[in-house]
Amino acid sequence: MPRVLGVDIPANKRLEVSLTYLYGVGRSTASMLCSRLAVDPGLKARDLSEEKVTELTALLQEELIVEGALRRQIATSIGRLRDIGCYRGMRHRRGLPVRGQRTRTNARTRKGPRKTVAGKKSVKGMK
Amino acid sequence: MGRSTKKGPYVDPKLARKVSAQSGKGDRSPITTWARACTITPDFIGVTFMIHNGKTHTKLQVTEDMVGHKLGEFAPTRQFRGHTNKKETAKKPGGK
């Protein structure tokens with residue numbers, strides 16, 4: 001298994017797919033990388049030559065923000081929103097949806113598992 | 001959808017005038033405004049605003065990080081006081 005950027009070891013899948021195992025690389029970035037390296041996107045990741053791996057690593061480090069650096073970048077921009085006390089930052093702080101979605105129902109991704117309140121009428125009953 | 005770049009950011013003309021008038025002197029008194037849609041420009045840094053939230057004006061000291069946001073983002077229009085606790089409401093006479 002080739003190691004790209006330290007810990008990340010894409011499996012023995014097609015290169016186009018296995019590159020997406022990197023945080024910050026999706027299908028379109030992966031195919032862009034393949035064409036930049038002049039490698040067949042269908043090539044299995046294990047068949048990637050040493051030079052190509054080095055070339056790939058260099059490309060990722062120089063031109064893209066991936067993995068830890070990307071995670072850090074996201075965390076700092078959210079932190080900034082939190083600190084300045086704007087509406088979006090407040091939504092982040094409270095763990096509620098940030099982009100104006102409804103919260104009367106749904107919004108479970110942000111709010112987490114349902115906390116049932118005893119005696120509260122069901123959503124259907126409220127309408 | 002975002003605003004067209006061609007037009008540039010929306011800055012309330014009246015408010016911009018007030019800010020520039022204040023920056024000339026060392027005046028630091030808060031500017032009361034209803035222009036929630038106004039974008040914060042770099043000239044606004046350090047200025048104190050009183051932003052209307054629909055009822056009263058909330059105080060805001062503009063810092064560098066706030067540039068590019070709108071004034072309204074810093075004056076919440078809704079106030080959430082928490083859900084009523086059923087036990088407590090039941091105890092109170094005349095409670096629902």
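How many bridges join S2(B) to strand S3 (residues 57-61) of chain B, and in which sense, parallel or antiparallel, do the two strands run? The count is five, and the strands run antiparallel. The structure is a predicted model, in which local features need pLDDT of at least 70, side-chain atom pairs count only at pLDDT 80 or more, and totals for chains, interfaces and linings use all residues. Residues are numbered from 1 along each chain as its sequence is written, chains are lettered from A and ligands numbered from 1 in the order in which they are written, and side-chain values use heavy atoms, with hydrogens and water left out.

Strands of chain B are described next. Helices (H or I, at least four residues) and strands (E, at least two) are DSSP runs, numbered from the N terminus, and two strands pair if DSSP finds at least two bridges between them. Across the antiparallel pair, His52(B) stands opposite His57(B) in S3(B). The hairpin of S2(B) and S3(B) has four residues between the strands, and Gly54(B) takes a positive phi near 105° there. S2(B) also pairs with strand S1 (residues 31-33) of chain B, in the parallel sense and over three bridges. In this pairing Ile31(B) stands opposite Phe49(B) of S2(B). Strand S2 (residues 48-52) of chain B has four of its five residues buried (under 20% relative accessible area, against over 50% for exposed and in between for partly exposed; 1.4 Å probe, protein chains only). The strand is therefore largely enclosed by the rest of the structure.

Cysteines were examined for disulfides, defined as pairs of cysteine sulfur atoms within 2.5 Å. By this rule the count is zero over all chains. Cys86(A) is in no disulfide, and the nearest cysteine sulfur, that of Cys38(B), is 16 Å away. Seen from Cys38(B), the closest cysteine sulfur is that of Cys86(A), and the 16 Å between them is too far for a bond. Cys86(A) is buried, at a relative accessible area of 0%, and Cys38(B) is likewise buried, at 0%.

Salt bridges were sought throughout the structure, each being a side-chain nitrogen of Lys or Arg within 4 Å of a carboxyl oxygen of Asp or Glu. The search finds five over all chains. One of them joins Arg36(A) to Glu63(A), at 2.9 Å from N to O. Arg36(A) belongs to helix H2 (residues 27-37) of chain A and Glu63(A) to helix H3 (residues 50-63) of chain A, so the pair ties together parts that are 27 residues apart in sequence. Both partners count as partly exposed, Arg36(A) at 44% relative accessibility and Glu63(A) at 47%.

Another salt bridge links Lys52(A) and Glu55(A), whose closest N and O atoms are 3.8 Å apart. These two residues are three apart in helix H3 of chain A, which means that about one helical turn separates them. Lys52(A) is partly exposed, with a relative accessible area of 22%, and Glu55(A) counts as partly exposed at 38%. Elsewhere, salt bridges that share partners join Arg14(A), Glu16(A) and Arg27(A) into one network. Within this network, the closest N and O atoms of Arg14(A) and Glu16(A) are 3.1 Å apart. Arg14(A) counts as partly exposed at 37% relative accessibility, whereas Glu16(A) counts as buried at 15%.
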